[in-house]
Amino acid sequence: MKTKTIKVDYLARVEGEGALFVKIKDNAVSEVKFRIFEPPRFFEAFLRGRHYSEAPDITARICGICPIAYQMSSVHAMEDAFGVTLNGGLRALRRLLYCGEWIESHVLHVYLLHAPDFLGYEDAIQMAKDHPAAVQRGLQLKKIGNDLVTLLGGREIHPINVRVGGFYKAPERAELEKLAEKLKWARDAALATIEWSATLDYPDFEQDYEFVALRHPEEYPFNEGRLVSNKGLDIAVRDYENHFVEEHMQHSNALHSLLRARGAYFVGPLARYNLNFDRLTPLAQEAALSAGLGRECRNPFKSIIVRSVETLYACEEALRLIAAYEKPASPAVSLHARAGIGYGCTEAPRGILYHRYRLDDRGMIHDAKIVPPTSQNQKTIESDLRRFVAGHLDLSHEQLTWQCEQAIRNYDPCISCATHFLKLEVVRE
Amino acid sequence: MADAITKKQASVARSKPKLAVWKFSSCDGCQLSLLDCEEELLAVAGAVEIANFPEASRTVVKGPYDLSLVEGSITTPHDAERIHQVRRVSKHLVTIGACATAGGIQALRNFKDVREFIAVVYATPSYIETLNKSTPIADHVFVDFELRGCPINKLQLVEVISAILNHRKPNVPRYSVCLECKRRATVCVMVAQGVPCLGPVTQAGCGALCPAYDRGCYACFGPKETPNTESLSTRWAQMGVSQTGLVRAFRGFNAYAEAFRKESEAHEGRLAGA
Ligand code: SF4
Ligand code: SF4
C-alpha cells in the first residue's frame, strides 16, 4: 500500500488562516479536508444585547476585505424587521457603494492574489518585475474602487458612513462627478483586464455545480432579489433557513453550509454570472463572450475572467448611478424600532451573505445568525479538490500542491469571515 | 557574466531590510492597509524585502526579520506560544490595530463566560479550542511600538515602517480626535448637535472622520493618552445616555484597553448596585 501526503501548512494569498489536507492511497484520493483554523471570534454571540444601530459597525469587523457586504446585509435585515424600504437616491447610493467594493475586492483578487498563480509567480510584486504594465493597471483600478468607497463611506476599510435607514451624510453630486472621470478610465482598464485574463492558461475542469445567487427583476444583483439556483431553487430570502442548513465539522472552525435537499452548492461570481447573464450591461455581455466565456461557465479556474467582467459591470453601473444621482433630501429615513425578525441577504464579492436578527421592541438584538460566502462554498471547494487531484495524480508533488492551492484561491475564500486562514496538507499513500 | 550579475542582484536583495507580517485573531483589515497603499506599494516593495506576508505571497524567507508587523489578538493556546516564536525571530516588533493593541472586538468575550459564547455559535462546542480571554500582543511579549486603529491609518503605517527601519521614533500623535476636528474646522457634533461623541477620549489618527460625516466618534482608535473618561461619561449621561448605553459605548473595538475597560466596568457596577 502506497501512501502519499501533500502538505501546505499555511495557504497563502487568501484571507484568514486555513489548511488543506489530501490523502492519496493506492493512486486514489482517500481523504480531503479543507480546514479553517482561524480562531473563532464569536460575533453572533456578542451581537446579543447590542442595539440594532450598532450592527453595521460591528459586523463590518468580521472581514476587512468586504466590510461593505456585512454592512449591507445587516442594514437590510434591520430594515426588513422594521418594515422599511429605501428608494430613490438612498437606494442608489447603496448600490454605488457596492460597486466600489466589488471593484476594489475583485481587482485585489484578480491581480494581487489570483493572477500570480496562472503566471507562476509567488506574488504580484514578483510578477510586477516581468509584467509591470498589468500590475500598475491593477493597482490603479483597485484604487478607483477604493476612492469610491472612501467618498461614500469615509475610508476604504470599515467605512463609518453606513447606517440602518441610509447614511449619516449623503455626498454632493459634484463630488461624485469628479469620480466619474476616473471611472471612465476604470471602464477601459476593466475591459483590458478581461482581454488580458482571457489569455491565461486554464486547466480543463468543468463540473456540474448547483449555482446559487440572488436574482432581481431588473438588475444584476447586489442587495435585493430572490434566491435562485440552476437546479430549481427559487425562494424569498426569509425562507433561507428552510432550505439551507449548517453543519459543524470537527476539522474546521467554520461551519459548513449545505442545501437540505441536495448538499454542496456554489456561490460567488461564477454563480451570479450563470444565473444573471441577461442582467449584465450589453458591453459586459459582449466582452464576456468575446473573451470566450460563453453564456454559461462551469470552470471555477475561469472565475478570474468572470471577476473581471463583473468589475466592468460595476464601473458601468457606477457611471450610470452617478449620472442619475440626485442628492436625497435627508441622508436617512426615520425608523421606529419594533419587535420582530429581520432577514437580509446581499451579494458580497465572494457570494451571498445571509444575516438574520431577532429584535425586541427597543431595538435590542436578541439573537443573530450570519452565514458568510466562504462557509457556503466550503463543501464545493472540498469536492473540487477531490476531483482535481484525482485527475492530476501524474503531476509532481510541487505542481500538484500549487494547483490545489490555486483551486482553493478560485473561490477567493475569505476565511476571516468564515471565521479566518488556510493550511494545505496532501498525504499520498 | 550572467551568473555574476545574478549574484550581485541577489546580494543587493539580501541587504534590504526584511519585513514580515503576522496574523493572529483578526479581520485582516490592518494588513490589508498595506495592499491598499496602491501608490506606495511597489515603492515599499522596492525598499524592503517582503520576507513573510501570507496574505500577499507564497514566499517564505527565513528569519531573522528586521521588522515584524503583528496583526490580531491572542485567543488560543497555540497562538500564545506562536507569538513568542515571532518575537524571537524579530529585531523590531510593531503591533498594528485594535486587535493587536487592545484585544479587538473579540475581547468582548472577556466580560462574559466564553463557554456560553461557544454554545451560541457552534453545535459541537468540544471541537473548539479557545482561551477565556482575547488579549493584546503586549500582554505576551515585548512590543517596540503600538499602532492604533480599527483599522489602522495606512499613512501612519508607512510612517511607522520608515521610522523603525531608519531608527527614529515614529511621528504618531497621542492627542485626541478633537484636535483633528479643530484642524479640519469641523463644528463639534456634541456641542452643536447634541450627538454623543467619544472623540474627547479617543486617540487621533483617523483625521476626525465621523464628526465630518455628522456622527459621533465611536472610538475605533482607542483611548488617547490620559483620557478623562469619567467626565465624558457625566456629559453623556446629561445628554440622556443610560448606564447600559455607556457600558456599550466603551465596549467597542477597544473594550479591553485599560481606560475603556475600567470605565465600562464602573457603569456595569452601578447597574448591578442599582
Ligand atoms: S483592528 Fe480592526 S481592522 Fe484591524 S484587524 Fe482588528 S478588526 Fe480588523
Ligand atoms: S470612530 Fe472616532 S477614531 Fe474611529 S474613525 Fe470615527 S472619529 Fe475616527
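**Exercise 1.** Which residues surround ligand 2?

*Solution.* The model is predicted.
Step 1. Take chain A: A:Arg155 belongs to the surroundings of ligand 2.
Step 2. Take chain B: the surrounding residues include B:Thr202, B:Cys206, B:Leu209, B:Cys210 and B:Pro211. Further along come B:Cys217, B:Tyr218, B:Ala219, B:Cys220 and B:Phe221.
Step 3. Place the ligand: ligand 2 lies between chains A and B.
Step 4. Sort the shell by residue class: nine residues are nonpolar, one is polar and one is charged. Arg counts as charged, and A:Arg155 is in the shell.

**Exercise 2.** Find how many disulfides there are over all chains, then examine A:Cys297 and A:Cys404.

*Solution.* Step 1. Apply the cut-off: a disulfide needs two cysteine sulfur atoms within 2.5 Å. By this rule, the count over all chains is zero.
Step 2. Check A:Cys297: the nearest cysteine sulfur belongs to A:Cys404 and is 20 Å away, and A:Cys297 is in no disulfide. A:Cys297 is buried, at a relative accessible area of 4%.
Step 3. Check A:Cys404: its nearest cysteine sulfur is that of A:Cys297, 20 Å away, and A:Cys404 is in no disulfide either. A:Cys404 is buried, with a relative accessible area of 0%.

**Exercise 3.** Describe chain B by its secondary structure, burial, contacts and surface.

*Solution.* Step 1. Secondary structure: chain B contains 13 helices and five strands.
Step 2. Burial: 55% of the 274 residues of chain B count as buried.
Step 3. Contacts: of those in chain B between residues at least 6 apart in sequence, 72% join residues at least 24 apart.
Step 4. Surface: chain B exposes about 11,800 Å², and carbon and sulfur atoms supply 55% of that area.

Notes:
Residues are numbered from 1 along each chain as its sequence is written. Chains are lettered from A and ligands numbered from 1 in the order in which they are written. This is a predicted model: local features need pLDDT of at least 70, side-chain atom pairs count only at pLDDT 80 or more; totals for chains, interfaces and linings use all residues. Side-chain values use heavy atoms; hydrogens and water are left out. A residue is near a molecule or strand if one of its heavy atoms lies within 4 Å of it. Buried means under 20% relative accessible area, exposed over 50%, partly exposed in between (1.4 Å probe, protein chains only). Helices (H or I, at least four residues) and strands (E, at least two) are DSSP runs, numbered from the N terminus. Contact means heavy atoms within 4.5 Å. Accessible areas come from the Shrake-Rupley method with a 1.4 Å probe; for residues, only the protein chains shown count as cover.
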